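Colleague: Could you take one part of this structure and walk me through it closely? I would like the surroundings first, and then the place where two elements meet, described residue by residue.

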Amino acid sequence: MASLDDPGEVREGFLCPLCLKNLQSFYQLQSHYEEEHSGEDRDVKGQIKSLVQKAKKAKNRLLKREGDDRVESGTQGYESFSYGGVDPYMWEPQELGAVRSHLSDFKKHRAARIDHYVVEVNKLIIRLEKLTAFDRTNTESAKIRAIEKSVVPWVNDQDVPFCPDCGNKFSIRNRRHHCRLCGSIMCKKCMELISLPFANKLTSASKDSLSTHTSPSQSPNSVHGSRRGSISSVSSVSSVLDEKDDDRIRCCTHCKDTLLKREQQIDEKEHTPDIVKLYEKLRLCMEKVDQKAPEYIKMAASLNAGETTYSLEHAGDLRVEVQKVYELIDALSKKILTLGLNQDPPPHPNTLRLQKMIRYSATLFVQEKLLGLMSLPTREQFEELKKKRKQEMERKRILERQAVLESQRRLEERRSDLASHAANGEVVSLRGGPAPLRKAEGWLPLSGSQGQSEDSDPLLQQIHNITSFIRQAKAAGRTDEVRTLQENLRQLQDEYDQQQTEKAIELSRRQAEEEDLQREQLQMLCEREWEREREQFRAVSLHTRTRSLDFREIRPFQLEPGREPRTHLACALDLGFSSVQSSTAVETPSPLSALEPVSVWSGPPALGQESFPQSTVLQQNELASLNPFDEEDASSPTAEGTSSPPAAEPSFGPSARSLKEYNPFEEEEEAVAGNPFANPDSPAPNPFDEEDEHPHQRPSSPPVPGNPFEEATCTNPFEMDSDSGPEGEEPIEEELLLQQIDNIKAYIFDAKQCGRLDEVEVLTENLRELKRTLAKQKGGTD
Amino acid sequence: MNVVFAVKQYISKMIEDSGPGMKVLLMDKETTGIVSMVYTQSEILQKEVYLFERIDSQNREIMKHLKAICFLRPTKENVDYLIQELRRPKYSIYFIYFSNVISKSDVKSLAEADEQEVVAEVQEFYGDYIAVNPHLFSLNILGCCQGRNWDPVQLSRTTQGLTALLLSLKKCPMIRYQLSSEAAKRLAECVKQVITKEYELFEFRRTEVPPLLLILDRCDDAITPLLNQWTYQAMVHELLGINNNRIDLSRVPGISKDLREVVLSAENDEFYANNMYLNFAEIGSNIKNLMEDFQKKKPKEQQKLESIADMKAFVENYPQFKKMSGTVSKHVTVVGELSRLVSERNLLEVSEVEQELACQNDHSSALQNVKRLLQNPKVTEFDAARLVMLYALHYERHSSNSLPGLMMDLRNKGVSEKYRKLVSAVVEYGGKRVRGSDLFSPKDAVAITKQFLKGLKGVENVYTQHQPFLHETLDHLIKGKLKENLYPYLGPSTLRDRPQDIIVFIIGGATYEEALTVYNLNRTTPGVRIVLGGTTVHNTKSFLEEVLASGLHSRSKESSQVTSKPASRR
């Protein structure tokens, strides 16, 4: 990506900035870069060290390791491919297997059936409407009955000697009752009543949506007997009369059933349960994350690589935005989890399971995505990164140049050897300068190109010369010579390239050096100071000790980046050395050889001479400059808060002041590096932090993806986090400590359950320590 | 040809088609197994499938805010359950997928039950088999035959499974079967029948060389399932038993609660995927590496967490670490248990003799070794019985056969009646009389020279010298040399070219050793893809149950047992 921004690089060689491979065209380079380095690129450059980033790295490492394993097995498979066959795991994916749809058939059958039911239900509702259309309370019974009978013909009493539902014989005591909706007869026991409000509800709803309504199930109506029109018997008349429930409508169980189902349908249509609303919101948030996160990651990666394509503020805003969405997801899923928990009849276990699973998948989601959410550099870090990136690029170029020089030198030597061996004419005197050395076989630089080259530097001139040599050689048909010449030309071009960048390097390096020196001195001072303090107060508190350990631990770590500059130096010196050699070896005062020492000596030696004697200093210097990053690496935005302030403040009691001498630096570095960043962020990652761990912890013991359809194996992670929600943001340190304690408690619990006693021990130790810190801190603030 | 992928694709398609929203997956007992082999819970959760229910479970709540995806076998019971479900729908909308061909009348009765119009989809998705590995499938049928003939229920299930496999891979094959087995012929005919009946389903793009379905019978090679295994997957199955990728470890002494049952799936367990075909020794060293890796990852623990930074790092890495520790502890436990069993049961020695019995023809030394082991108190009755079974199978017709003596030894050792009876049952099941081809003495010159050379060179690994008979069969098949008089084609047409896509099905169950053989054949033979299937995947124990279920021993009481028993008294 970067190489493409740098026109000098692209123009001449299409060299890959990472592996220095020379590619033929811009497009090839691009594709090469994407293929080869897109992965490592992030690792190399993404030097930001925050919790998230670190976690991601760990994950990456793991993935990569696994990936490597895979590749290994893959290559095994590939090897065997060369024997012939293919590992079944590598079989190319096939298309979806055969399918057959019965939907149209199904629909055909269903439609026939449905029509029947729709008609049935509609009929009932229309009748119900008629029955309730008049003012029942103020109409006399006889009239009501007349109306009722006009709605549906009543079944003849004589036709039904037994109740069709319960089978009891009708008699004077067991009277016949008519359903007002279908006209059938049943006994009193089997009779149902429809209240007016219920009827109204049904009729009004069907008025609204008669068209959309579907028919509920119903047992066939034929049971109700025939519907021949008839005159009501005395008994049935009296049955109406002796019950004065005029505000209710009698009907049979079947009609009532149908209507009840209809009511249920209406209810369902109108009612959306809370969980659905919450869930929809949750999904919206997830979609948003899916949308924004890649965008942010792109930005962060670019920024962390020291590029300036995006603005830091913008990325920061986006980060906050994304994190807010995460918070929202967390909150929503938590809410879903606890839905209806304190209702009196506790929800059905399946409902709870559903809620649990939604929560679980939300945490999985957050875990997966949030871990990928790398942090942004602070402003200072960003500046450094930019610088670093520049250096990196230049270092690479130097390496490249060195290689080129080396080969050139060798070529040169060979040539001079050749010259001394056969001095008489067969020599192709390359470095023989533009004009005078023209033997029988020598090539003349073309005058035209010479004219051009006069304005630029000697290297360019040389390049032009060689181009013209090549042309001549080609014309003469000396292919081997053409080849050597072309080789030469390429090297020259490379050389020119480097030369240009060299100047820039030198400048920036000088600057960096000065800065480093200053910083290193400061660091040294601080360290010495602090070392002294540490000696004094070693016994005072555990935390001082831990701190010191902490620091020492980091140191070897720091050495590694420190080593880089050394090799850097070494190669610079090497470069210098080789160029000296070449300049001595090559006697001919060609423009190039004259130029070489200049270009080389001007840069690295300056550095080498100055810095090599005090390389240790420089190293530490580098360390110092790298320090803030490492510090960041070890800690997280969340943890930043917990670690430094509480550790530094309360536990040092008497040494507070002297520590402050140390602290200012540390604080400065951290405050500058970490805090502005950590403060706004810390409330955000916290909840997730916890969440991340809980779900993992449980299912992982029975291997996570394992028991596929086992019930979520008593996945209690959720129970634990109820107490650790996103609480107030005020006293961050304490809050964080408390949360940390909570976390560890949860782990202990888990470990105990799984019987890992050693873990329990370590964790308990941890817990104790944390508690102590907390107590101290509280004491300190009080 | 990847069967795992084929099933997974079906499931993904179902979920995809149901659109966004909370979903419940409604399955029956068998489809639950089918789905769980290809999808993990967390994977399926990501697709908004939050609940998994059995169609036959009574305790399901009405949840109208869920969409239901029904993946069911088209059995009578399932259709009935579904009809009930549709009459009183518990979910808002139903996507119904049957794992096999469903009759038109069933569709009609379902349609008539759907009075509330909740069904949005009715399809056949032919994921009707258990996809074990990309090249291995099973139907989880134990005891498919009664005597020499099919149990009719199992025959129809097997036919369904096999045709579903063909459909899911989109193969319309030519069929060859083992002539010596009546069951193989029967199955071949049934499959052919289905293909003819559902011809429009089987209309796929024609390939140059049509795929081949080869149907074999377990009784042609009863040796392979009787051997102890030393590659990881096969060994785990032999000693612990794999059931739908799950391993029951509850009998392991001192097992922790969360390791009672573990899942070994190559789909999401990298270590397992890389090691399932390696032998025990290699796994030992790999697991050591895994452990070391793991130890490196958890330095914080041993160092003691001294600083807050340490603790933070610990807490941060804890989930990661736990996850890894899950894998590590799983495999360490499994391998640990394997090696415990190996030493407890003296399996190295047992296996050596087993291999000698299976691969060499030196009767006297074999007999001597078997006798020696039968005296060894460490050898379990199970292993003792299987040694005698192997002996009985190999030297069935040997002139100086001393099976009766060995049977006496078994009795003296206190081996239970059940196992002693099984010896004759196994001979009855897979003895010379039944076999269509010769298991032990190679006939053609090439094979004889090969064996001779092998004898000269000595074997590299004495425990894995056995090659399943299937290897030879497939080798011949690939080279176009498989004899048509032993393995005839069903129908008039024959394959001119060498086959490319081969599906081998073993009635009576395949083994993991054969799966490994097929895996290696796939890897080493250019242009050939082979998928292996069986009514089940056997270990010795399940194989003996299969033999028992076939009921051969009881029938043999009257015939062969009678002849062998007086012999033992002699």
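**From the chains to one helix contact**

Modeller: Happy to. In chain A, 52% of the 782 residues count as buried. Please keep in mind that you are looking at a predicted model. Chain A holds 27 helices and 5 strands. If you take its contacts with a separation of 6 or more, 76% of them come from residues 24 or more positions apart. Its exposed area is about 37300 Å², and 54% of that is supplied by carbon and sulfur atoms.

The part I have picked lies in chain B, so here is the same kind of background for that chain. Of its 570 residues, buried ones make up 62%. DSSP runs give 23 helices and 18 strands in chain B. Among its contacts between residues at least 6 apart in sequence, 81% join residues at least 24 apart. Chain B exposes about 21900 Å², with carbon and sulfur atoms contributing 51%.

Now for the close look. Helix H15 of chain B covers residues 381–394, and helix H17 of chain B covers residues 417–430. The two pack at an angle of about 35°, and their axes are 9 Å apart. The crossing of H15(B) and H17(B) is right-handed. From H15(B), the contact takes in Glu381(B), Phe382(B), Ala385(B), Val388(B), Met389(B), Ala392(B) and Leu393(B). From H17(B), the partners are Tyr419(B), Leu422(B), Val423(B), Val426(B), Val427(B) and Gly430(B). Sorted by character, the contact of H15(B) with H17(B) has 11 nonpolar residues, 1 polar and 1 charged. Glu counts as charged and Gly as polar, so Glu381(B) and Gly430(B) are the charged and the polar residue of this contact.

For a strand counterpart in chain B, turn to the open sheet of 3 strands, ordered E12-E13-E14, where the pairing is antiparallel. Strand E12 (242–243) and strand E14 (261–263) of chain B stand at the edges with a single partner strand each, so one side of each has no neighbour in the sheet. Strand E13 of chain B, residues 246–248, is joined to E14(B) by 3 bridges, and these two strands run antiparallel. To find that pairing on your screen, start at Asp248(B), whose bridge partner in E14(B) is Glu261(B).

Technical notes:
Residues are numbered from 1 along each chain as its sequence is written. Chains are lettered from A and ligands numbered from 1 in the order in which they are written. This is a predicted model: local features need pLDDT of at least 70, side-chain atom pairs count only at pLDDT 80 or more; totals for chains, interfaces and linings use all residues. Side-chain values use heavy atoms; hydrogens and water are left out. Axes are lines fitted to C-alpha atoms, for helices over the stretch in contact, and angles run from 0 to 180 degrees between N-to-C directions. Helices (H or I, at least four residues) and strands (E, at least two) are DSSP runs, numbered from the N terminus. A crossing is left-handed if the near helix is turned anticlockwise from the far one by less than a right angle, and right-handed if clockwise. Contact means heavy atoms within 4.5 Å. Buried means under 20% relative accessible area, exposed over 50%, partly exposed in between (1.4 Å probe, protein chains only). Accessible areas come from the Shrake-Rupley method with a 1.4 Å probe; for residues, only the protein chains shown count as cover. Two strands pair if DSSP finds at least two bridges between them.
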